[in-house]
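Me: I'm new to this one, so could you walk me through one part of it slowly? I'd like a close look at a charged residue and whatever it pairs with, and then how that fits into the rest.

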Amino acid sequence: MPPTVLSDLALPVKRAAFRLQPVLELRRTEERAAALAAAEAARAAADADRRATEAEAAVAAVLPTGPVAPGAFAAAMVLGRLAAEDAAAARALATASAEQAQLVRAAWTAAAQRTKGLERLRERHLQAVRLAEQAAEERTVDDLVTGRSGRRTRTDGEAAWRD
């Protein structure tokens, strides 16, 4: 009995696997880890900046605003100097945290670029597989049409188009 559906004619075709799929999955995992690290670094940098701003505001609160006794003035200056040193250290830490966050963000970008390159390779592979399947289907249709025209006989006495 001749097949009635085109899919009945097609032989089972093993779909070509993307050989770099494990590497792609690893790169995606690395990219996710880098994204989490970048988010954590950005949060740490924002916290450090907030603490530095609070320390800078504390310096102004320590300084006397009105007339004070000489001993209280000296104590206020010592506290002010210590508060200023703390604020400078907090600002340096905030700057270092911001630089670290920028480096971690650059690592994330690099991981994303590596992943994107493999994803483009995967898309090319899938497109090549689709084109190969389409070409195989077209060959099957051509074989089907060519085979039927060779078997067809004219009942009205005319010759087939190929004769």
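Reply: Let's start with E25, which is partly exposed, as its relative accessible area is 34%. Bear in mind as we go that this is a predicted model. E25 has a partner, R28, and the two form a salt bridge in which the closest N and O atoms are 3.2 Å apart. Why are these two set about one helical turn apart? Because E25 and R28 sit three residues from each other in helix 2. R28 counts as partly exposed too, with a relative accessibility of 25%.

Now follow R28 the other way. Its side chain also meets that of E119 in a salt bridge, again 3.2 Å from N to O. This pair ties together distant parts of the chain, since R28 belongs to helix 2 and E119 to helix 3, with their positions 91 residues apart in sequence. E119 is partly exposed as well, at 24% relative accessibility. Put the two pairs together and you get a network of salt bridges linking E25, R28 and E119. As a general point, side chains of opposite charge can pair when their charged atoms come close.

There's another link between the two helices to look at. The side chains of E56 and R91 meet in a salt bridge, at 3.0 Å from N to O. Here too distant parts of the chain are joined: E56 is in helix 2, R91 is in helix 3, and they are 35 residues apart. Both count as partly exposed, E56 at 37% relative accessibility and R91 at 25%. The full count of salt bridges comes to eight.

So much for the charges; what about the nonpolar side? The largest nonpolar core has eight residues: A48, A52, A55, V59, A83, A87, A90 and A94. Helix 2, running 21–62, and helix 3, running 70–151, each supply at least two of them. In general, nonpolar side chains tend to be buried together in soluble globular proteins. If you want one residue to click on, try A48: setting aside its neighbours within four places in sequence, A48 is in contact with A90, L93, A94 and S97. There is also a second, separate core of five residues, and among them are A38, A45, A101 and V104.

Right after V104 in the numbering you'll find R105, which is placed in helix 3. R105 is partly exposed, with a relative accessible area of 39%. What lies 8.2 Å from R105, C-alpha to C-alpha, despite being 68 residues away in sequence? That is A37.

Now zoom out. The protein has three helices and zero strands, so its elements read α-α-α from the N terminus on, given that helices and strands are numbered from that end. Of contacts between residues at least 6 apart in sequence, 80% join residues at least 24 apart. The pairs R28 with E119 and E56 with R91 are examples of links between distant parts of the chain. Out of 163 residues, 17% are buried. As for the outside, the protein exposes about 12,100 Å², and carbon and sulfur atoms supply 61% of that.

Conventions: Residues numbered from 1 in each chain as written. Predicted model: local features only at pLDDT ≥ 70, side-chain atom pairs only at ≥ 80, totals over all residues. Heavy atoms only, no water. Core = buried A, V, L, I, M, F, W, Y, C linked by side-chain atoms within 4.5 Å. Buried < 20%, exposed > 50% of the residue type's maximum accessible area, 1.4 Å probe, protein only. Helix = DSSP H or I, 4+ residues; strand = E, 2+ residues; numbered from the N terminus. Contact = heavy atoms within 4.5 Å. Areas by Shrake-Rupley, 256 points an atom, 1.4 Å probe, with all protein chains shown as cover. Salt bridge = Lys/Arg side-chain N within 4 Å of Asp/Glu carboxyl O.
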